[in-house]
Amino acid sequence: MYKSTTQNFSVRPGFLAADHYTTQSCAVTNAMGATVDGRKIVKGGTVFPANDATAVGIIVHDVDVTDGDAPAAYIDHGIVYSNRLPVAISGTALPVLKGIILRTYK
């Protein structure tokens, strides 16, 4: 017998505009995290290591840093939807993120 169910998902859509991208490994620190439901999380889409002239990429996935520094990956080449990032890329970070192409999701 067939049973139909409906699920509502409140997950924010991905910020990647294409499935072609390259990543590098890195370590994110506890200080980079924001508190979400009692845990310290570095959100996917966060500019790494800071949203300024030192930027080298964008963190790919959410990383839990509640218990200390954690390994992560950042995109150093790819296309992302700028309006889906958790924080807008600053004017000082834009020129140094040469491998990142920004698009706007419509």
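**View 1. Arg39 is partly exposed, with a relative accessible area of 34%.** "Partly exposed" covers everything between buried (under 20% relative accessible area) and exposed (over 50%), worked out with a 1.4 Å probe on protein chains only. Keep in mind that this is a predicted model: local features need pLDDT of at least 70, side-chain atom pairs count only at pLDDT 80 or more, and totals for chains, interfaces and linings use all residues. Residues are numbered from 1 along each chain as its sequence is written, and side-chain values use heavy atoms, with hydrogens and water left out. Now look at who Arg39 holds on to: Arg39, Asp64 and Asp67 are linked in a network of salt bridges. (A salt bridge here is a side-chain nitrogen of Lys or Arg within 4 Å of a carboxyl oxygen of Asp or Glu.)

**View 2. Here are the two arms of that network, Arg39 with Asp64 and Arg39 with Asp67.** In the salt bridge between Arg39 and Asp64, the closest N and O atoms are 3.0 Å apart. Arg39 belongs to strand E3 (residues 39-42) and Asp64 to strand E6 (residues 63-64), so this pair ties together parts that are 25 residues apart in sequence. If the E labels look cryptic, helices (H or I, at least four residues) and strands (E, at least two) are simply DSSP runs, numbered from the N terminus. Asp64 is partly exposed, at 36% relative accessible area. The other arm, between the side chains of Arg39 and Asp67, is a salt bridge of 3.8 Å, N to O. Because Asp67 is in the loop between E6 and E7 while Arg39 is in strand E3, the pair ties together parts that are 28 residues apart in sequence. Asp67 itself is exposed, with a relative accessible area of 72%.

**View 3. Lys43 and Asp62 meet in a salt bridge too.** The distance for this one is 3.3 Å, N to O. It links distant parts of the chain, 19 residues apart: Lys43 is in the loop between E3 and strand E4 (47-48), and Asp62 is in the loop between strand E5 (57-59) and E6. Both ends count as partly exposed, Lys43 at 32% relative accessibility and Asp62 at 45%. How many salt bridges does a search of the whole structure find? Three.

**View 4. Three strands make an open sheet, in the order E2-E3-E6.** The pairing is antiparallel. Strand E2 (34-36) and E6 stand at the edges with a single partner strand each, so one side of each has no neighbour in the sheet. Two strands pair if DSSP finds at least two bridges between them, and E2 and E3 are joined by three. One spot to find is Thr35, whose bridge partner in E3 is Lys40.

**View 5. Time for some rings: the structure has two aromatic pairs.** The rings of Phe48 and Tyr74 have their centres 5.4 Å apart and their planes at 20 degrees, so this pair is stacked. They link distant parts of the chain, with Phe48 in strand E4 and Tyr74 in strand E7, 26 residues apart. For the cut-offs, rings of Phe, Tyr and Trp (its six-membered ring) pair if their centres lie within 6.5 Å; planes under 30 degrees apart count as stacked, over 60 as edge-to-face and the rest as tilted. Phe48 is buried at 10% relative accessible area, and Tyr74 is buried at 13%. In the other pair, the rings of Tyr81 and Tyr105 have centres 5.1 Å apart and planes at 75 degrees, so they sit edge-to-face. Tyr81 is in strand E7 and Tyr105 in the segment after E8, so the pair ties together parts that are 24 residues apart in sequence. Is Tyr81 buried or exposed? Tyr81 is buried, at 18% relative accessible area, whereas Tyr105 is partly exposed at 41%.

**View 6. Arg84 lies over the face of Tyr105, at 3.4 Å from the ring centre.** To count as over a ring, NZ of Lys or CZ of Arg must be within 6 Å of the ring centre and within 35 degrees of the ring normal. You'll find Arg84 in the loop between strand E7 (70-81) and strand E8 (100-103). Arg84 is buried yet has no salt bridge: the nearest side chain of opposite charge, Asp62, is 13 Å away. (Lys and Arg count as positive, Asp and Glu as negative; His and the chain ends are not counted.)
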